[in-house]
Amino acid sequence: MFFDFHFHGGRKLIMEAERLGYSGVAVVKYMDDYNEDFLNHLQDLKEEFNEKSQGRSFMIYSGVEITPKNPEDLKRKVQKFRKKADVVIVQGGDLKINRAACEDPRIDVLSQPYKKRRDSGMNHVLAKKAAENSVAVEINLKYLLRTNPRNRYRVLNQFQQILKLQRKFNFPIMTTSAAASIYDLRTPQDVTALSRCFGLTKEEAVETISKTPQEIIKRGELRSSVVVEGVRTIST
């Protein structure tokens, strides 16, 4: 089962993802556009896909992309959206934001910690925190593919730095397309092959689009069942 959890699109793009072999997507909205109208539209899409799937299950989740001004603003935004969204993504790049995101177990994905940086935006301290709090670090293929070919070596180096830290500290990695059109999408097989260019093994590459997204959903289900700290409901 393969998933793309950074996905900016509607019905047409979701249909293309299903055709390419994905089992589900997280449709992501920027925080200012994440509202009841979007959630109602997403519910309509879920019902539509359930009707036409004829026994096959294609999963559609809601995602919000938070762009905080500072660590304090990050905490406020996460508090606002955590119970509303299936997947909470924080736009990284600033080292203080990267650290605050890695330290917060309510956050699912740190997106592009390397954005507008020459390094990866990760270090040993952040890697350890991300592992402790199960915060996935995003490998954004759109960022790679849209970078000027002359500078692509820098992006590959950033990805390799993250991979080196991941193998030492074992935090989750998630590969995404950040697709906004059908031209941004790749088959899961192509994603796996491309991921191997910056050092992932085939098994590791598959986990980034399979195991990591599924674990994010499992954590969300556990989180929603918690009544108070240390106590959760049990289905009968």
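Contact here means heavy atoms within 4.5 Å. Keep that cut-off in mind for the helix I'll come to.

This is a predicted model. Start with the whole chain. The secondary structure comes to ten helices and nine strands. Along the principal axes, the C-alpha atoms fill a box of roughly 45 × 40 × 35 Å.

How does the radius of gyration sit against that of a compact globule? For 236 residues, such a globule would have a value near 18 Å. The chain has 17 Å, which agrees.

Next, burial and contacts. Of the 236 residues, 49% are buried. Take the contacts between residues at least 6 apart in sequence: 66% of them join residues at least 24 apart.

Now the surface. The chain exposes about 12400 Å². Carbon and sulfur atoms supply 49% of that area. On charge, there are 40 positive and 30 negative side chains. The centres of the two sets lie 6 Å apart.

On to one element, helix α3, residues 71-81. Which of its residues are buried? They are D73, L74, K77, V78 and F81. Seen down the axis of α3, these buried residues fall within an arc of 135 degrees, so they line one face of the helix. The other side of α3 has K75, R76 and Q79, which are exposed.

What covers the buried residues of α3? The cover includes two strands, β3 (59-66) and β4 (87-91). It also includes helix α4 (95-102).

So much for α3. To recap that helix: D73, L74, K77, V78 and F81 are buried, while K75, R76 and Q79 are exposed on the other side.

Notes. Residues numbered from 1 in each chain as written. Predicted model: local features only at pLDDT ≥ 70, side-chain atom pairs only at ≥ 80, totals over all residues. Heavy atoms only, no water. Helix = DSSP H or I, 4+ residues; strand = E, 2+ residues; numbered from the N terminus. Rg over C-alpha atoms; globule rule 2.2 N^0.38 Å. Buried < 20%, exposed > 50% of the residue type's maximum accessible area, 1.4 Å probe, protein only. Areas by Shrake-Rupley, 256 points an atom, 1.4 Å probe, with all protein chains shown as cover. Lys, Arg positive; Asp, Glu negative; His and termini not counted. Charge placed at Lys NZ, Arg CZ, Asp CG, Glu CD. Arc of directions from axis to C-beta.
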